[in-house]
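This briefing addresses the strand arrangement, a helix that accompanies it, the charged side-chain pairs and two backbone outliers. Please consult the sequence and the structure shown below alongside the text.

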Amino acid sequence: MAIPQGPNQRWSLDLVSDALSDGRRFRILCVIDDFSRECLAAIVDTSISGVRVSRELDRIAEMRGYPCMVVSDNGTGLTSNAMLKWQQDRQVEWHSIAPAKQMQNGFVESFNGRLRDECLNEHPFPTMRHARYLIAAWRDDYNHHRPHSSLDRLTPREYHQRSEKYQP
């Protein structure tokens, strides 16, 4: 796959798991624009079905438009009938990576590593509300306050905005 040359050409999705302080598990749906590395969503919930994923993708698209392609692994929430219908109805190409080949989805895997190292491993989460709050705050910092060397030392949001300014 070619590296995207503009926003919304390719989004990457993945689900990350963690636990509250009492041991109850939760998941995070991470959606990344591969061009700007911007985290478009980090949805925290106890369960995230294909219906929920499709609803969240539509919510993002209301603000940004639909991507040309989505890349994901073969997890059940991302290969369900709801997701197949979503991609067909919206005419979005879907690329599933090969099993056990996470680096075929390197942008979101890199993001997941930062999320785990800098947020999930650093904070205990006593409640879902607390987890949602801290993950949203970390996402805001990641998108708006942290320059990336791969983005000419711009933040993901700045890189996205600069690209929009220069679109023909």
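In this predicted model, five strands form an open sheet in the order S3-S2-S1-S4-S5, and their pairing is mixed. The edge positions belong to strand S3 (39-45) and strand S5 (93-96), each of which pairs on one side only. From one strand to the next, the twist averages 20°.

**Strand pairing**

- Strand S2 (residues 25-33) is antiparallel to S3, and 6 bridges connect the two. Within this pairing, Cys30 has Ala42 of S3 as its bridge partner.
- Strand S1 (residues 10-19) runs parallel to S4, with 3 bridges between them. Here Trp11 is placed opposite Val70 in S4.
- S4 and S5 are likewise joined in the parallel sense, over 4 bridges. Val71 lies opposite His95 in S5.
- Strand S4 (residues 69-72) is covered on both faces. Met69 and Val71 on one side, and Val70 and Ser72 on the other, are all buried.

**Helix H4 and the sheet**

- H4 packs on the sheet and touches S2 and S3; its direction makes an angle of about 170° with that of S3.
- The 17 residues of H4 should span 24 Å at 1.5 Å a residue, and the end C-alpha atoms are indeed 24 Å apart, so the expected and modelled spans agree.
- The buried residues of H4 are Met128, Ala131, Leu134, Ile135, Trp138, Tyr142 and Asn143. Viewed down the helix axis, the buried residues fall within an arc of 165°, and therefore they line one face of H4.
- Arg129 and Tyr133, on the other side of H4, are exposed.

**Salt bridges**

- The whole structure contains 15 salt bridges.
- Arg24 pairs with Asp22, with 2.9 Å between the closest N and O atoms. Arg24 counts as partly exposed because its relative accessible area is 47%.
- Arg157 and Glu38 meet through their side chains in a salt bridge of 3.5 Å, N to O. This pair links distant parts of the chain, since Arg157 belongs to helix H5 and Glu38 to the loop between S2 and S3, 119 residues apart.
- The two partners fall into separate exposure classes: Arg157 is partly exposed at 22% relative accessibility, whereas Glu38 is buried, with a relative accessible area of 6%.
- Lys85 forms a salt bridge with Asp89, in which the closest N and O atoms are 2.6 Å apart. Both residues lie in helix H2 (residues 81-90), and because they are 4 residues apart, about one helical turn separates them. Asp89 is partly exposed, at 47% relative accessibility.
- Asp45, Arg52, Glu56, Arg59 and Arg132 are joined into one network by salt bridges that share partners.

**Backbone with positive phi**

- Which residues other than glycine have a positive phi in the loop between H4 and H5? Asp152 has a phi near 55°, and Arg153 has one of about 65°.
- Asp152 is located in the loop between helix H4 (128-144) and helix H5 (156-165), and Arg153 is also in the loop between H4 and H5.
- Arg153 counts as exposed because its relative accessibility is 54%, and the threshold for that class is over 50%.

Methods. Residues numbered from 1 in each chain as written. Predicted model: local features only at pLDDT ≥ 70, side-chain atom pairs only at ≥ 80, totals over all residues. Heavy atoms only, no water. Buried < 20%, exposed > 50% of the residue type's maximum accessible area, 1.4 Å probe, protein only. Pairing = 2+ DSSP bridges. Axes fitted to C-alpha atoms, helices over the stretch in contact; angles between N-to-C directions. Contact = heavy atoms within 4.5 Å. Expected span 1.5 Å × (residues − 1). Arc of directions from axis to C-beta. Salt bridge = Lys/Arg side-chain N within 4 Å of Asp/Glu carboxyl O.
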